[in-house]
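Visitor: I should like to understand the terms used for this structure. Please set each of them against its definition.

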Amino acid sequence: MSNQVGLLAVTVSLIGGIFWAARSFSSFRTVIKLIPGPECSSWVYGNMPELLLAEEYGLHEYQWQETYGQVYSIKGCLGETRLMISDPSAIKYILNSGLFVLGPSHQKITKLLLGHGNILLARGDAQRRLVNIMNPCFSSNKIRTLLPAIREGAQQLVDRWESLGFPGNTVDISGTLNDAALDVLGSAILEYSFNSLVGESELARIQRNMVQSVSTPTRFQQLLDAALGYIPDPIFRLACHLPIPTMRMIRDYKRATEEFSLHLAAQKREEMGSGMAPGFVGAFVGDGGAPDQEIGVHVRTILAAGQDALGVTLGWILYKLAQMPVLQQELREEIQLATVEHQLDYNKMALLNAIINEVLRVYSPLPLAERVASADCVLPLSKPIVAAAGIEISEIPIQKGQFFYVAIAAYHRLTSIWGPDAAEFRPSRWLGNAPCMGPALGPHASLLSFFGGPGVCLGWRFAILELQVVVVELVSRFVLSLPENDSVKPRVALALRAETAHGTRELPVHIEHVM
Ligand code: HEM
Ligand SMILES: *[C@@H]1O[C@H](CO)[C@@H](O)[C@H](O)[C@H]1NC(C)=O
């Protein structure tokens with residue numbers, strides 16, 4: 001009797017098990033569950049602290065990639081499964097299909113900080129419309145005309161270093177680099193002087209506070225990030241009116257940038273008849289442009305997208321030059337030669353561009369881009385992954401809502417694409433044949449640093465020119481070196497930032513005049 005009950009129980013559970021397995025094998029979630037990945041010790045935080053709060057960016061992530069390959073799974077907060085992607089075919093699909101959007105909490109924050117209708121969230125026709133309006137401001141012809149404004153900004157940075165007494169001292173250079181990035185963005189793109197290097201403009205101060213406060217990574221913020229996704233929009237909007245300091249700061253930020261944008265728009269409208277080529281704001285004011293209320297959104301987006309990324313990239317270039325005195329001297333010689341022979345054709349300066357490209361590769365300002373599938377789809381892979389129980393997966397069925405990280409920095413370290421020394425910082429790899437052995441996913445040097453596809457960084461040409469000009473200007477005037485107790489490490493907080501062993505956000509560099 002008991003035997004029969006036992007047999008029945010076994011049979012029922014077997015049938016049930018097969019039924020369950022069949023059902024769940026056909027469901028998307030289980031394919032995702034088969035994809036291997038690192039253990040995690042906390043259900044609440046998942047692998048997020050190792051990914052985003054590591055004391056040096058990539059400490060765990062690069063190890064995971066080595067162990068699990070180009071596609072693996074990690075745990076987000078509260079048990080969610082997220083996919084890490086550095087497979088080139090999968091990345092190409094994510095960039096180009098138009099099906100992938102920012103995650104729900106980043107969407108909320110982006111809407112809150114920048115406003116509705118910003119280009120970062122736009123897809124399809126709305127995105128194409130905004131790209132069409134903005135793109136002429138960033139074409140290669142237009143960018144060439146911005147050279148004088150960029151040079152002037154670089155000169156002001158040199159003057160600022162002098163007036164602050166930097167030469168002869170070890171100083172944190174990151175603040176002045178961010179200020180210079182804002183000033184150049186203002187004068188070249190928005191046709192407005194922020195004067196953040198020389199004076200203390202209110203707008204510059206507000207912009208600085210904003211970047212600082214949204215880029216402070218903590219465990220609590222990870223959790224908040226996970227929780228935000230579940231808060232309905234109307235309640236979130238209500239919460240934004242709470243009288244707490246962060247919300248007050250955000251309201252101040254929006255009020256100040258709104259006033260500033262309306263002022264620019266009015267000024268542009270006055271100039272319209274005068275035959276001047278429209279700049280960024282002018283393009284929106286002009287025919288087929290946008291109502292004035294919309295302009296603040298786009299101005300904030302440009303400031304958010306451009307300033308921080310430029311500031312941190314400049315910092316990493318100077319840091320590596322300070323760390324590598326021989327390289328720095330070779331660059332100085334290239335600059336001297338270029339100045340004599342031709343009128344500084346930046347694109348012909350092989351070493352300068354090699355250094356910039358190598359920093360964009362190894363210190364990609366955005367090392368990780370989150371994306372969520374907005375519809376069911378099938379993710380192609382360039383090579384199959386071997387999942388649990390030896391099952392081969394050559395494409396991954398994806399359910400709407402699945403969370404991804406496009407692992408930009410990790411992609412830049414794939415030996416299959418960048419060669420056996422991919423993890424090493426070696427600018428000379430750019431001096432011979434192009435080092436990328438994979439598809440060109442991004443617009444510049446096959447790098448993914450500026451993203452790619454329809455959501456590609458619009459400011460990439462401008463960014464490259466500004467990096468070229470500022471680095472040439474600084475290296476021809478100053479000799480950089482690292483202090484003996486240098487402890488700077490890259491950490492991610494929106495962008496890849498320099499942090500010392502004290503946990504402070506700074507980039508201490510010793511500066512001397514060129515003899
Ligand atoms: C080294 C400097 C820069 C880097 C590495 C960089 C990188 C990026 C990346 C990775 C994105 C995609 C973000 C995402 O969709 O998640 C992006 C978007 C964007 N960037 Fe940049 N950026 C830089 C400088 C600039 C500058 C100077 C400007 C403008 C003057 C700019 C304007 C934009 C705009 C408008 C977008 C939104 C494009 C869209 O969503 O359609 N960027 N950038
Ligand atoms: C390095 O030394 C300077 C001067 O002694 C000191 O102010 C600074 O805090 C030190 N930095 C680190 C990261 O130890």
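Guide: The following exchange takes up salt bridges, burial, two ligands and one helix.

Guide: This is a predicted model, in which local features need pLDDT of at least 70 and side-chain atom pairs count only at pLDDT 80 or more, while totals for chains, interfaces and linings use all residues. Residues are numbered from 1 along each chain as its sequence is written, chains are lettered from A and ligands numbered from 1 in the order in which they are written, and side-chain values use heavy atoms, with hydrogens and water left out.

Visitor: Why is the contact of R82 and E80 called a salt bridge?

Guide: A salt bridge is a side-chain nitrogen of Lys or Arg within 4 Å of a carboxyl oxygen of Asp or Glu. The N to O distance between the side chains of R82 and E80 is 3.1 Å, so the pair satisfies the definition. The search of the whole structure finds 16 salt bridges.

Visitor: What makes R82 buried and E80 partly exposed?

Guide: Buried means under 20% relative accessible area, exposed over 50%, and partly exposed in between, with a 1.4 Å probe and protein chains only. R82 has a relative accessible area of 5% and is therefore buried. E80 has 28%, so E80 is partly exposed.

Visitor: How do you know that R205 and E202 are placed about one turn of a helix apart?

Guide: Both residues lie in helix 11 (residues 202-214), and three residues separate them along the chain. Helices (H or I, at least four residues) and strands (E, at least two) are DSSP runs, numbered from the N terminus. The closest N and O atoms of R205 and E202 are 2.8 Å apart, in a salt bridge. R205, at 32% relative accessibility, is partly exposed, and E202, at 48%, is partly exposed.

Visitor: Which residue forms a salt bridge with E258, and how far apart are the closest N and O atoms?

Guide: The partner of E258 is R300, with the closest N and O atoms 3.1 Å apart. This pair links distant parts of the chain, since E258 belongs to helix 14 (residues 245-271) and R300 to helix 16 (residues 292-323), 42 residues apart. R300 has a relative accessible area of 2% and is therefore buried, whereas E258, at 24%, counts as partly exposed.

Visitor: Which residues are linked in a network of salt bridges?

Guide: The network links E358, R361, D421, R426 and R429.

Visitor: What makes C457 a donor to the iron atom of ligand 1?

Guide: Donors are N, O and S atoms within 2.8 Å of the metal (3.2 Å for Na, K and Ca); water is not among the atoms, so sites may look incomplete. The SG atom of C457 is 2.3 Å from the iron and is the single donor from the protein. C457 is placed in the loop between helix 20 (415-418) and helix 21.

Visitor: Which residues come nearest to ligand 1?

Guide: Among the 24 residues around ligand 1, the nearest are I119, L185, R371, S449 and C457; a residue is near a molecule or strand if one of its heavy atoms lies within 4 Å of it. Helix 16 contributes six residues, the largest share of this shell.

Visitor: Why is the approach of R371 to ligand 1 called a polar contact?

Guide: A polar contact is a pair of N or O atoms within 3.5 Å; within protein, one must be able to donate a hydrogen and the other to accept it, and residues adjacent in sequence count only if both atoms are side-chain atoms. A polar side-chain atom of R371 is 2.8 Å from an oxygen atom of ligand 1. For I119, a backbone N or O atom is 3.4 Å from an oxygen atom of ligand 1.

Visitor: Which residues are around ligand 2?

Guide: They are N485, S487 and H502. Polar side-chain atoms approach oxygen atoms of ligand 2 to 2.3 Å in N485 and to 3.3 Å in H502.

Visitor: What makes H412 buried?

Guide: The relative accessible area of H412 is 0%, so H412 is buried. Contact means heavy atoms within 4.5 Å. Not counting residues up to four places away in sequence, H412 touches several residues, including L360, R361, W418 and S449.

Visitor: Which residues of helix 6 (residues 104-114) are buried?

Guide: They are S105, K108, T110, L112, L113 and L114. Their cover includes helix 11, helix 12 (219-228), helix 13 (233-239), helix 14 and helix 16.
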